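Please open the model in your viewer, with the sequence panel beside it, and take the stops below in the order in which they come.

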Amino acid sequence: MALVFDNRSNLDNQPGLHALIGGVSLYKHLPGGGGPPPEEDWELPQLSATALTGYKIYRWLIDHQQMLPIKLATVRLLLSPSATETPEIAKGMQEIRTALAGQNVILDDNYSPCNLQSFSDEARAWRTDARTNNLNITFFYFAGHGIQRKNNDPVLLLEDFGNPSVDMLTNSVVFNKLFDGMVPQSDPSKQIARTQLYFVDACRVIPPNLSKYEFQNISNILTGDLGGVDNRSAPIFYGTVSNAKAYAKGGKQTLFSEALIKCLENDGGETTDQEDENGYAKWRVSVYSLSEALNEKVAAIKALDIDQEFYSIPRGQNTTIVNLNAPPQVDGMIEIEPGKAVQFFTLDLTDSLGASVWSMSPVNPHPHPRRLPAGYYTIKATITNPPQPSYNNYSKTILVKPPKDYWLKARVG
Amino acid sequence: MTMLSFELGFKTDTLNNLDLPVEIRKPNMVLVKRTSASKTVEVSPGTYYVNFKMPAGQEAWSKVDVEGESARVVLSPDDKEDESLSDVSSDESLPDVSEVQHYFMPRHIPPPRNLSNKSRILAGALGGIVGAGLGYSFAEGKMWVIAAAAGASLSPILLSKALEPGLALIKRKTAEARLRKFTGNVLMGKYSTDTEWRPELLKIGDCSGQLTIRGENSGQIIQLLQSGAPAVNVLLPAWEENLCTVVLTKLPEGRYSMDFHLQNTAADLLLGYWQQGLWQNAASVTDSAAVSAEELLYQKRLHPIAASVGAYSLLRFGALDRLHNWTENLMNWFSWLPDGLAIRGEHLARLGEHSEALRVLCRLTERGLPYFSDGLSYTVDRLRLYLGTSEKRFEDDDLQTARETLRLLEPFAAVTDFRKPLLTFTGLDPGKPDSKPLGRKLSSYGGLDLLRQSSWSGAATDKRPAATI
């Protein structure tokens with residue numbers, strides 16, 4: 001049963017967020033999968049972190065449901081884990097059950113395998129839920145092997161991909177068809193979620209000899225009419241660009257999901273036009289701010305000597321993905337320049353409302369690492385240790401905000 | 001209430017005339033307003049911070065105390081209130097085009113190299129020494145003698161690892177690169193090499209040169225040939241009333257990058273934000289009057305290519321209500337503009353008018369490849385969708401035409417870099433796209449030899465307009 005989280009009865013027909021999550025590590029027909037081998041395997045190996053990534057995305061939704069712009073309604077979880085991932089996922093499912101005890105939510109610890117039959121059934125059920133209200137939000141995440149038939153045409157490979165008893169690509173999903181299948185219908189009185197978030201965390205390379213395969217037999221997961229006015233906000237966040245691979249930390253999670261979660265929790269934060277009860281700005285992560293924060297993560301990925309580049313397409317108006325409970329935290333360094341003056345100064349940092357955030361005399365260690373909530377700060381360096389050398393007091397207001405680290409220098413010389 | 005206006009404080013007029021998107025915030029970071037630099041906005045008296053971000057990522061802000069009837073804030077990266085601006089050059093001699101490039105051109109991220117830290121240190125030390133020797137010898141015309149001696153005396157490991165910096169230096173010095181230009185409709189095979197093309201490259205920095213290209217109302221493709229890499233083709237965003245400029249930059253690893261600028265600065269700004277994935281800024285520019293259809297299509301000076309940029313943005317950001325029927329005018333008034341068809345077709349499809357969308361998109365072969373990758377992407381995706389649907393909505397003849405159109409477009413889509421706003425695809429023969437790397441010797445292909453342009457004609461401080469070709 002893929003419907004591992006069902007909160008519909010508590011929503012009383014109010015809009016909700018409906019998630020469909022797929023994660024495949026175990027490929028039955030690839031080497032080591034235990035099933036009959038495919039006609040050719042394109043040298044695709046078994047995976048060790050993608051099913052776990054699917055679980056981690058589910059877990060993230062559960063743990064952060066209060067931050068979602070509308071209530072979490074359903075989660076359909078399709079996982080094909082490796083033997084080493086299975087116990088960790090089982091343990092996590094139990095933790096969720098414990099955490100949500102007494103909340104009148106229907107939970108099921110038994111996710112479905114991410115094969116064609118389950119995927120097809122659950123995608124249709126997911127669309128049915130999406131069609132209950134225009135204000136619904138849908139959330140799609142897939143982690144596993146992926147290919148491209150042509151450029152800009154991602155194909156998601158499911159657990160039973162390569163089954164020699166059917167055509168090579170029968171057990172796979174053409175992502176664009178899934179996307180097109182979620183289009184608003186021609187009849188304007190019929191509803192569907194107008195905010196649809198798509199995350200495709202899979203390789204996008206064209207395998208060798210692909211041209212010899214027929215593609216007509218790839219399943220149409222979501223059939224339907226061509227649609228009416230397409231006024232969706234439907235951004236697509238790809239784990240990698242066309243003709244490139246996506247990577248994972250073995251046995252842990254994919255690089256994209258790790259970056260995504262960091263951005264959703266903190267690094268993608270942007271201010272809103274709202275104030276909280278303490279007079280500070282409220283923060284959120286929006287489609288656009290998430291895209292920009294993910295772009296910033298690319299440099300860190302490149303620094304690992306990994307040729308993976310996150311890529312997103314906005315496809316619609318900006319919308320809130322999560323509301324942050326507090327300003328994002330930003331790492332950085334505070335420094336007195338020149339460094340030899342450090343013993344003569346007290347450094348004070350106050351926030352935009354004049355509240356003292358930090359003070360130290362002398363600054364030790366120097367430069368001083370400090371994590372700060374995003375915001376405007378005034379830094380003051382005051383001479384406190386006469387006799388006064390040829391240095392000056394210093395005061396300046398600075399802006400600290402994600403996704404980049406900051407570096408404050410009090411220039412006293 | 002106080003009327004707050006903005007003034008840009010860059011060195012060049014080009015940048016100062018930009019309608020930059022700006023954000024006004026209270027000291028507690030609450031967002032007060034998003035607007036653009038050309039507008040005057042009404043705010044309550046108080047203290048505000050005004051932010052802006054350039055396409056290349058430089059961000060700056062200014063603090064302003066607002067009181068009385070009006071206030072004005074100067075926005076300039078030179079304010080340097082923000083420590084993150086430390087990467088902004090303070091070079092007073094920065095020439096106009098160079099400053100524009102600095103704020104527009106995406107930062108180059110070198111490709112990953114699979115060397116351990118230890119290998120890097122070794123490579124850096126040994127390769128640097130040998131490389132310096134080879135570089136010097138190359139300058140003296142003795143490269144081959146020294147290279148042969150080095151090759152004979154060093155082990156294969158050193159050659160592959162330790163000598164990498166030195167070899168890279170040689171590669172950089174000797175790797176050939178050429179530019180060619182083609183004109184015509186590559187989709188229909190009606191195109192030719194512009195053999196008379198003799199562009200003048202104007203130096204705009206130590207490693208950058210600029211050339212300006214006169215527009216034509218037919219597809220112009222610039223082709224960059226580099227040793228060991230596939231030929232890169234880019235549709236040039238110029239038409240007979242508008243030039244475009246191409247900036248060539250020699251990268252540290254010896255390859256060249258190309259950046260393109262439209263003559264319309266608002267559209268150019270929008271393209272810059274697209275390329276960097278700065279969607280909020282791109283959306284703000286799209287909202288501004290500068291790239292509206294009224295401004296770009298209905299005023300005295302027509303900018304159909306810039307209008308296309310605006311239209312693609314409206315499609316990207318889902319602002320269908322702002323497209324009205326002007327996509328039809330864009331398609332009809334500029335009968336040479338392929339993007340007019342791609343935009344109109346996608347607009348119709350988003351409105352659910354699929355039969356008409358199919359017919360419009362199938363006309364693309366008449367006009368050639370779109371100038372922008374969104375145009376190719378929209379067309380190919382829609383045709384694939386329409387040909388794959390079980391819905392009996394289309395005439396058989398239309399479907400047959402769609403099949404033929406898709407057959408012509410898909411080879412280009414297969415080798416197109418959809419991250420680039422301008423249509424960029426690979427292939428030595430632009431009519432037969434592929435991804436085959438070229439050999440080392442490129443002289444037989446003709447065109448402008450970039451290796452021989454190392455002195456880049458012109459001077460760094462020369463602010464005269466670039467030569468027109």
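What follows is a tour of strands, cavities, a pocket and a few single residues in a predicted model.

**Stop one: a covered strand in chain A**

Begin by selecting residues 137–144 of chain A, which form strand β5(A), and colour them by burial: eight of the eight residues are buried. In a regular strand the side chains alternate between the two faces of the sheet. If you now show the side chains, I137(A), F139(A), Y141(A) and A143(A) point one way from β5(A), while T138(A), F140(A), F142(A) and G144(A) point the other way, and all of them are buried.

Which strands pair with β5(A)? Add residues 17–24 of chain A to the selection, and you have strand β2(A), which runs parallel to β5(A) and is joined to it by seven bridges. To find your place along this pair, look for L17(A), which stands opposite I137(A). Then add residues 195–202 of chain A, strand β9(A), which also pairs with β5(A) in the parallel sense, here over eight bridges. A useful marker for this second pairing is Y141(A), whose bridge partner in β9(A) is F199(A).

**Stop two: the opening strand of chain B**

Move to residues 2–8 of chain B, strand β1(B), which is largely enclosed by the rest of the structure because five of its seven residues are buried. Select residues 41–43 of chain B next, and you will see strand β4(B) pairing with β1(B) in the antiparallel sense over three bridges. Residues 70–75 of chain B make up strand β7(B), and its pairing with β1(B) is parallel, with six bridges. L4(B) is a good residue to centre on, since it stands opposite V41(B) in β4(B) and has A71(B) as its bridge partner in β7(B).

**Stop three: the enclosed spaces**

Rolling a probe the size of a water molecule over the atoms shows where empty space is left. The structure holds seven cavities of 30 Å³ or more, and the largest of these has a volume of about 420 Å³. To reach the largest cavity, select E270(A), E292(A), K401(A), E23(B) and E59(B), which are the closest to its centre among the 26 residues that line it. The elements that each supply at least two residues to this lining are β13 (269–275) and α7 (287–303) of chain A, together with β2 (21–25), β5 (46–53) and α8 (279–287) of chain B. Coloured by residue class, the lining of the largest cavity divides into eight nonpolar, eight polar and ten charged residues.

The second largest cavity, at about 200 Å³, can be found by selecting N152(A), I313(A), R315(A), D374(B) and S377(B), the closest to its centre of the 14 residues in its lining. At least two lining residues each come from β10 (236–238) and β15 (311–313) of chain A and from α15 of chain B, and α15(B) gives the most, with four residues. By class, the lining of the second largest cavity has six nonpolar, three polar and five charged residues.

**Stop four: an open pocket**

Keep α15(B) in view, as this helix also supplies the largest share of the lining of the second largest pocket, seven residues. This pocket holds about 1000 Å³ of space and is lined by 41 residues, with K177(A), R384(B), L385(B), G388(B) and T389(B) lying nearest its centre. Two or more lining residues come from each of α5 (175–181) of chain A and α12 (338–350), α15 (373–388) and α16 (396–414) of chain B. The lining of the second largest pocket consists of 13 nonpolar, eleven polar and 17 charged residues.

**Stop five: single residues**

Centre now on N242(B), in the loop between β13 (232–235) and β14 (244–250) of chain B. Is N242(B) buried or exposed? N242(B) has a relative accessible area of 7% and is therefore buried. Its side chain makes a polar contact of 3.3 Å with the side chain of H303(B).

Finish with two cysteines, C263(A) and C362(B), which are both buried, the former with a relative accessible area of 0% and the latter with 8%. A disulfide is a covalent bond between the sulfur atoms of two cysteines. How many disulfides are there over all chains? The count, taken over all chains, comes to zero.

Methods
Residues numbered from 1 in each chain as written. Chains lettered and ligands numbered in written order. Predicted model: local features only at pLDDT ≥ 70, side-chain atom pairs only at ≥ 80, totals over all residues. Heavy atoms only, no water. 1 Å grid on protein atoms, 1.4 Å probe; cavity = no way out; pocket = protein on both sides within 12 Å on 5 of 7 lines; lining within 4 Å. Points joined across faces, edges and corners; volume = space filled by probe spheres on them. Nonpolar A, V, L, I, M, F, W, Y, C, P; charged D, E, K, R; others polar. Buried < 20%, exposed > 50% of the residue type's maximum accessible area, 1.4 Å probe, protein only. Polar contact = N/O pair within 3.5 Å; in protein donor to acceptor, adjacent residues only side chain to side chain. Disulfide = S-S within 2.5 Å. Pairing = 2+ DSSP bridges.
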